[in-house]
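Biologist: Could you take me through this structure, beginning with the whole and ending with one residue?

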Amino acid sequence: MRRSPRSRRPSGNTRTKRLLAIGATLAVFGGVVAVTQISSAGDRRPHKQTRPVAAECVAPSPGATAPAARGATTTRTFQNGRWVTNHWGDGQQTIEECQETRSGGGAATGSLAVACPDVVSRLPQVPDRARAEVDRNLALLQTQITEADQRLAAEGNKGQGFVNNAILGPLASKRRATLDRITIAIDRFGPRPRGLADLARCQARPVNNNNGGNPDNGNPNNGGGNNNGGNNNGGNNGGNNGGNPNGLDVLANNCNNSRLQPHDGFQNGNRCISTAFGEVGAAANNPSLLITEFPQQINRNQGFAIRVSTRNLVRDRFLPAGQGGYYLESSLLNGEGLTRGHFHTACRMLNNTDEAPAPEPVPAFFVATEDGGGGRQPDSVVIQIPGLPESGTAQCAVWAGDGSHRIPMSERANQTPAFDAVRIQVN
C-alpha cells in the first residue's frame with residue numbers, strides 16, 4: 001500500500017500497524033547488505049594503505065551467504081542505471097573470498113554480470129488484492145537474475161554468442177512469462193500496466209567500471225578514516241579525559257583511561273572506540289528518511305516491498321562491518337555539506353507489543369543499501385524483501401548510517417534522526 005496522510009494518522013490499531021523507533025535494491029533472508037561500489041571523487045583526504053582483513057579466514061556466520069547463490073556472499077544486480085553489489089552478512093566473506101582478498105585478488109576488471117531493466121519503478125499503483133501475487137513474481141525475477149548471473153560468472157568466457165544464446169535468451173523467456181503474470185495480476189483489479197514485456201531482455205555488462213567500482217569501499221583508511229581502529233588517534237581532543245569543558249562535568253571524551261581494550265573495527269562489544277565523531281552538517285543539510293510505501297499484512301514467506309525516501313544522504317560510502325569497518329571511520333560530508341553513507345533496512349519479529357524486545361537476536365531480514373544515489377533533493381529506493389518465515393507482528397525499520405554504520409549526527413539535539421519503522425502483520 002502507498003502511505004497516505006490518512007494511513008499515517010493515529011488510530012485504535014496504531015500499535016499493531018506502526019512504530020517509530022531508532023535503529024536500496026535487493027533483499028533476502030539472513031542479513032543482506034546491498035552495496036553499489038562507486039568512486040570516491042571529491043574526497044578531500046589523501047589515500048592510505050588498505051587496512052588488512054582479520055588475522056584468520058573463517059567461515060561466515062549463519063545467514064551471511066545468499067541462499068540462491070550456492071554459498072556466495074556477494075551477488076550483483078543492475079538497478080536504476082547503476083550496479084548494486086549485495087554483500088551478505090554485512091561484509092562477511094567465505095574462506096575463499098577472504099583468502100583472495102588477503103592475496104590482493106578480487107574481481108577482474110571488466111568481469112561481466114547480468115544487467116536487467118528495473119521493473120518496480122515501471123509498475124502502477126498495485127491493488128491490494130494483487131499485491132501478494134505481484135510480490136511473489138518480483139521475487140522470482142530476482143531469483144532468475146541471480147541464477148543467470150551465476151552461470152555468466154562460470155561460463156561467460158565462452159564468448160558473446162554463448163552468452164546470448166545460452167544465458168540471456170533463456171533468461172528473457174523466463175522474465176517475459178513472469179512479467180505476463182504480473183500484468184495479469186494487476187489487470188484483474190486495476191488499470192492494466194503497459195510495456196512490462198519490454199523489460200524482459202537483459203544484457204551482460206562490465207562490473208568494475210567508473211560507475212561500479214569504489215576503490216575506497218572496504219578501505220577504512222581512504223576518505224578520512226585513518227583512525228587506527230582504537231589507537232586514540234582522532235579521539236583524543238587534546239588529551240582531555242573528562243574534565244569540565246564548557247563548564248560541564250564530562251566523565252570522559254577519549255579512551256585514555258578506559259579499562260576496556262580498544263575497538264578494532266570488528267563487531268565486538270566491551271570495547272572502547274576512539275574514532276573521532278567526525279563532521280556534522282548544518283541543520284538544513286542533516287539527513288532525513290521516511291518509509292513511504294509498505295504492506296500492512298502479508299502471508300508467511302510472501303515477498304513484499306518497502307519504498308524508502310531519503311533526503312540529504314549521499315549513498316556512496318560503506319565500510320563492510322564484517323571485514324573490520326565497523327565504527328572505524330569518522331563521519332564525512334561531501335562538498336555540499338551532505339552526509340556520505342548508506343541506509344539499513346531490517347525486519348524482526350516481536351514476541352509481544354507490550355514491552356521492548358531483546359536486542360541481541362539476529363533479525364529475520366537485513367540489508368544495507370549503497371547505490372551511489374541520494375542528495376539534497378528527496379528520492380526513493382525500493383527494497384525487495386522475499387518474505388518473513390514466522391507468523392506474528394514484524395517490525396520493519398529503516399535508518400541512515402554514515403560510512404561506518406552510525407546514525408548520522410545532527411546540528412541540534414532536538415532534530416529527529418534519519419529513521420522510520422512500521423509494523424506488518426504476518427499471517
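Modeller: The exchange below covers the overall make-up, one sheet and one serine. This is a predicted model, in which local features need pLDDT of at least 70, side-chain atom pairs count only at pLDDT 80 or more, and totals for chains, interfaces and linings use all residues. Residues are numbered from 1 along each chain as its sequence is written, and side-chain values use heavy atoms, with hydrogens and water left out.

Biologist: How many helices and strands are there in the protein?

Modeller: The protein has 5 helices and 16 strands, taken as DSSP runs numbered from the N terminus (helices: H or I, at least four residues; strands: E, at least two).

Biologist: What is the strand order in the open sheet of 3 strands?

Modeller: The order is β8-β10-β14, with antiparallel pairing; strands pair if DSSP finds at least two bridges between them. β8 (288-293) and β14 (379-385) each have a single partner strand, so one side of each lacks a neighbour in the sheet.

Biologist: Over how many bridges do β8 and β10 pair?

Modeller: Strand β10 (residues 304-311) and β8 are joined over 5 bridges. L289 has T310 in β10 as its bridge partner.

Biologist: Now S288: buried, partly exposed or exposed?

Modeller: S288, which lies in strand β8, is partly exposed at 32% relative accessibility. Buried means under 20% relative accessible area, exposed over 50%, and partly exposed in between (1.4 Å probe, protein chains only).

Biologist: Which residues does S288 touch?

Modeller: Not counting residues up to four places away in sequence, S288 touches S309, T310, R311 and A418, where contact means heavy atoms within 4.5 Å.
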